[in-house]
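Me: I have a model open and a few quick questions. Can you walk me through it?

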Amino acid sequence: MSLASFLARRSFHYGWLVAGLTFLALLVAAGIRSAPGVLIVPLEKEFGWSRATISLAISANLILYGLIGPFAATVMERIGIRRTMVFALALIAIGVGCTTFISASWQLVLLWGIVVGMGSGVIALVLGAIVVNRWFYEQRGLVLGILTASTATGQLLFLPILASITDRFGWRTAVLGLTGAALLIIPAIALFMRDRPASVGLRPFGDRSETVEVPQSKVNSIGSTLSVLWLGMRTRDFWFLFGSFFICGASTNGLIGTHLIPACIDHGIPEVRAASLLAIMGIFDFVGTTVSGWLSDRWNNRYLLCWYYGLRGLSLIFLPFSFHLSFYGLSVFAIFYGLDWIATVPPTVRLTANAFGKENVGIMFGWIVAGHQIGAATTAFGAGALRTWLGSYLHAFILSGILCLIAAVLVLRISQTPSNWREKQLTTN
């Protein structure tokens, strides 16, 4: 008896196991992506590199993390989710492990910026969107919210531990621990991950139809991915989604995820305590993002995004002043901001599927995530450069807050009804 049949007899759909493995992979990848926030100051002290120089490597990582996503979606269609995940996790482990041998800043850019960035681009939000749309007919918003919240959980688990290990044993020991975590989950993915419900004789969870699932045709990955981008760029909704997600990246992992710990150290807050702030955010972001997924199945997603961006903008404008209100002021910020951190993802995926169709959501959302990461990379480097030139993060926090308020207005312009994009695609082809 196969594992899928065994689980089905106990009323447990195999899709939940696939979702669990995806959550685990996303969690580890998120923990690795959050590590630079802990490593900036130790690298600065050991090698004498400026914060702008270190931020350049992080910026390269974030750009590749975004740009790889759309192509990763098509690669998953061609060779399967399981093989793609195993390869990406192995690449991440190699890149992170080799970082312990660096002695020059270009090596940091090559390993952490390019190698780890490429691997992370596969184990990303696009993976979660593809898994949800393949394996779930019901509860899509909720499951996507939980998978997205893995980013928060990765922070929650990894950051305080990384900060403590770095403080006691050095940053190289912490980096080797991350390498081990990536290698550890590869066997589970290789053994139990499956590409589609049909591969284990099932329909997606909640799908009670009797129709046979028709496999999508395998087309040239580069050509199809770029053609989808070209067609999407000709629609207004693409630019609203791309632009708002650019601002999302600029105000989350590019700014807070990268520079909050160094900013805290600038104000005399120890690194371990600063890492605990991000862990607090992780706890509340898990709650906020899961609830956001549940709400995205029930409420107008444009209004949800408007609230999320508006509240995030106000919290970022408050942040520079919270440093002067003791550690408790920062705790208030961590709770308020944490509830909102990645809550934007489930509504954005729903609006993308509405505008471009479920069959295109993987590649199209991949391009929208690319916008997110370009925004994150811009702010990761820009905030580091502003700190180097002006000696403070004040301007970076205020500018990001203003951008979020702009995004709150921008998302209200996204169409509520499905567009004729699919008809344009058929006409073009």
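Reply: Here is a short tour by topic. This is a predicted model, where local features need pLDDT of at least 70, side-chain atom pairs count only at pLDDT 80 or more, and totals for chains, interfaces and linings use all residues. Residues are numbered from 1 along each chain as its sequence is written, and side-chain values use heavy atoms, with hydrogens and water left out.

Me: Start with the core. Which residues have the most contacts inside the largest nonpolar core?
Reply: Ile32, Ile123, Ile256, Met281 and Phe365. That core has 132 residues. Helix α18 (residues 361–390) gives the most to it, with 12 residues. A nonpolar core here is a set of buried Ala, Val, Leu, Ile, Met, Phe, Trp, Tyr and Cys residues joined through side-chain atoms within 4.5 Å. Buried means under 20% relative accessible area, exposed over 50%, partly exposed in between (1.4 Å probe, protein chains only). Helices are DSSP runs (H or I, at least four residues), numbered from the N terminus.

Me: What does Ile32 touch?
Reply: Ile92, Val96, Trp112, Val116, Leu178 and Ala182, not counting residues up to four places away in sequence. Contact means heavy atoms within 4.5 Å.

Me: Ile256 was on that core list too. Which residues of α13 are buried?
Reply: Ile256, Gly257, Thr258, His259, Leu260, Ile261, Pro262, Ala263 and Cys264. That is 9 of the 11 residues of helix α13 (residues 256–266), so the helix is largely enclosed by the rest of the structure. Just after α13, Gly268 takes a positive phi of about 80°.

Me: New topic. How many aromatic pairs are there?
Reply: A search of the whole structure finds 11. Rings of Phe, Tyr and Trp (its six-membered ring) pair if their centres lie within 6.5 Å. Phe47, Trp49 and Trp171 form one aromatic cluster.

Me: And what is Thr166 in contact with?
Reply: Trp171 from that cluster is one of its contacts. The others are Val38, Pro42, Ala174 and Glu271, leaving aside neighbours within four places in sequence. Thr166 lies in helix α9 (residues 150–169). Thr166 counts as buried because its relative accessibility is 9%.

Me: Is Leu7 buried or exposed?
Reply: Buried, with a relative accessible area of 15%. Leu7 lies in helix α1 (residues 3–9). Leu7 touches Phe12, Tyr14 and Leu17, again not counting residues up to four places away.

Me: What about Ile63, which residues does it touch?
Reply: Gln373 and Ala377, with the same sequence neighbours left out, those up to four places away. Ile63 lies in helix α4 (residues 51–79) and is partly exposed, at 33% relative accessible area. Ile63 and Gly371 are 308 residues apart in sequence and 8.9 Å apart in space, C-alpha to C-alpha.

Me: Last one, pockets. What volume has the second largest pocket?
Reply: About 340 Å³. Of the 20 residues that line it, the closest to its centre are Val349, Arg350, Leu351, Ala353 and Asn354. On a 1 Å grid over the protein atoms alone, a pocket is an open set of points where a 1.4 Å probe fits, with protein on both sides within 12 Å along at least five of seven lines; lining residues have an atom within 4 Å of a point. A volume is the space filled by probe spheres set on the points.

Me: Which element gives the most to that lining?
Reply: α17, with 5 residues. The lining divides into 7 nonpolar, 7 polar and 6 charged residues.

Technical notes:
Helix = DSSP H or I, 4+ residues; strand = E, 2+ residues; numbered from the N terminus. Nonpolar A, V, L, I, M, F, W, Y, C, P; charged D, E, K, R; others polar. Phe/Tyr/Trp six-rings, centres within 6.5 Å; stacked < 30°, edge-to-face > 60°.
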